[in-house]
Amino acid sequence: MPLEYVKIVLKSGKDQSLKRFHPWVFSGAIKKMYGQVSEGDLVAVYSNKDEFLGIGHYQVGSIAVRIVSFSEAEPKNDFWKNKIEKAWNYRQSLGFGRNAATNVFRLIHAEGDGLPGLIVDFYNGTAVLQMHSVGMYLIRDELVKALQEVLGDNLKAVYDKSEKTLPVKANIQPKDELLWGKPFSNEVLEYGLKFKVDWETGQKTGFFIDQRENRLLVQQYAKNRDVLNMFGYTGGFSVYALQGGAKTVHSVDSSAKAIDLTNENVELNFPADKKHEAFTADAFEFLKDIREKYDLIILDPPAFAKHRTTLPQALQGYKRINTRAFEQIRNGGILFTFSCSQVVSKDRFREAVFSAAAIAGRNVRIMHQLTQPADHPVNIYHPEGEYLKGLVLFVE
Ligand code: SAH
């Protein structure tokens, strides 16, 4: 362990999760820090019995250390580059990077790729970085260099979209900006369908890449159905429903900007289409009175709970919107319902949907249980990484 690292010793018993390779140290687990530490510094973590546990980025907050290495060797030389290379090789083994029909994918999924605090999404040559830890922010030049070396000609530009995801109180002034290169195009292809991505002002890094396989499933079931895409954002599910031969598709989102982009995306793929209509509206209002207009409904709301303290309200929210959908969906209808809240477990979500079905008094069969795709891998030692949950339900 290099001498300059501040040593952090955990309270007795608080070493267990790290010994099982869980990469987070909560602030309450810390017994003592030996030395002055600044946010973003690498620190070395030890058990109460002076056993080495790991090296990670220090930050003020509930998660005090994000472990980047469980080995005692100093993370230097090509340490970050090697991790990025592993992430890229893994994506290539999944078929990304040389797939002409899909040029949008997640390149680095934080803990899932051994890089806590770092998200990198790849949009047709542009890597959009979203950093959640000060430690990652401080080494961003090194990360950009490593991305250039590993991706070579595949990489045209790097954009930093971390202004809103870094802690406000840290002594840094993050700014969303182009870090390198010239974006080739903001139009991406997913299973051959075209989408405009606004990584500068859009949500997350610009596109909900995590729903790719679930959108394909909607395509499979959309034929001759009247589809309602609730919380549609830029219309991903709607474009797939049209591709699958839906009779009509209605997209709803409270953001007028998202609705504009939805219309643009539909036009890109189906010029002069007459089957699709988009509405800027509040979901709870819109769902009050949809009667029996739809036989395929997608509910993909934003994370209702960002924190454990709001879990009860979040579960109520899921119950409410699902009840409305169950009450009004046509006989023989299919409901795609999702939760992307990390603090809502698969079981709790299922319970909320179960209650909604019971309140509506419908017969419901579970057709599919959905999650996030392989380019959003879950580190088996970090179950919190499994955040996307979905159920596909046949309703009578
Ligand atoms: N299904 C989308 C992602 C949904 S993100 C996709 O596959 O790309 C959640 C969306 O819900 C956001 O676009 C947000 O603008 C919208 N939203 C948030 N609150 C809303 C509300 N009360 N009514 C309608 N839309 C809402």
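1. In this predicted model, strands E5 and E6 make up a hairpin with four residues between them, and Gly61, which lies in the turn, has a positive phi of about 145°. The two strands run antiparallel and are joined by four bridges; one of the pairings sets Gly56 against Ile67 in E6 as its bridge partner.

2. E5 also pairs with strand E4 (residues 42-46), again in the antiparallel sense, here over five bridges. Tyr46 stands opposite Phe52 in E5, and the hairpin that E4 and E5 form has five residues between the strands, among them Asp50, which takes a positive phi near 65°.

3. As to the surroundings of E5, seven of its seven residues are buried, that is, under 20% relative accessible area, so the strand is largely enclosed by the rest of the structure.

4. Helix H2 (residues 79-93) has a length that agrees with expectation, because its 15 residues, at 1.5 Å a residue, should span 21 Å, and the C-alpha atoms at its ends are 21 Å apart. After the helix comes Gly95, whose phi is positive, near 100°.

5. The buried residues of H2 are Phe79, Trp80, Lys83, Ile84, Ala87, Trp88 and Arg91, a list in which Lys83 and Arg91 appear beside Trp80 and Trp88. The elements that cover these buried residues include the strands E5 (52-58), E6 (63-69) and E7 (104-109), together with the helices H3 (134-138) and H4 (140-151). Both strands of the hairpin described in point 1, E5 and E6, are thus included in the cover of H2.

Methods:
Residues numbered from 1 in each chain as written. Predicted model: local features only at pLDDT ≥ 70, side-chain atom pairs only at ≥ 80, totals over all residues. Heavy atoms only, no water. Expected span 1.5 Å × (residues − 1). Buried < 20%, exposed > 50% of the residue type's maximum accessible area, 1.4 Å probe, protein only. Contact = heavy atoms within 4.5 Å. Pairing = 2+ DSSP bridges.
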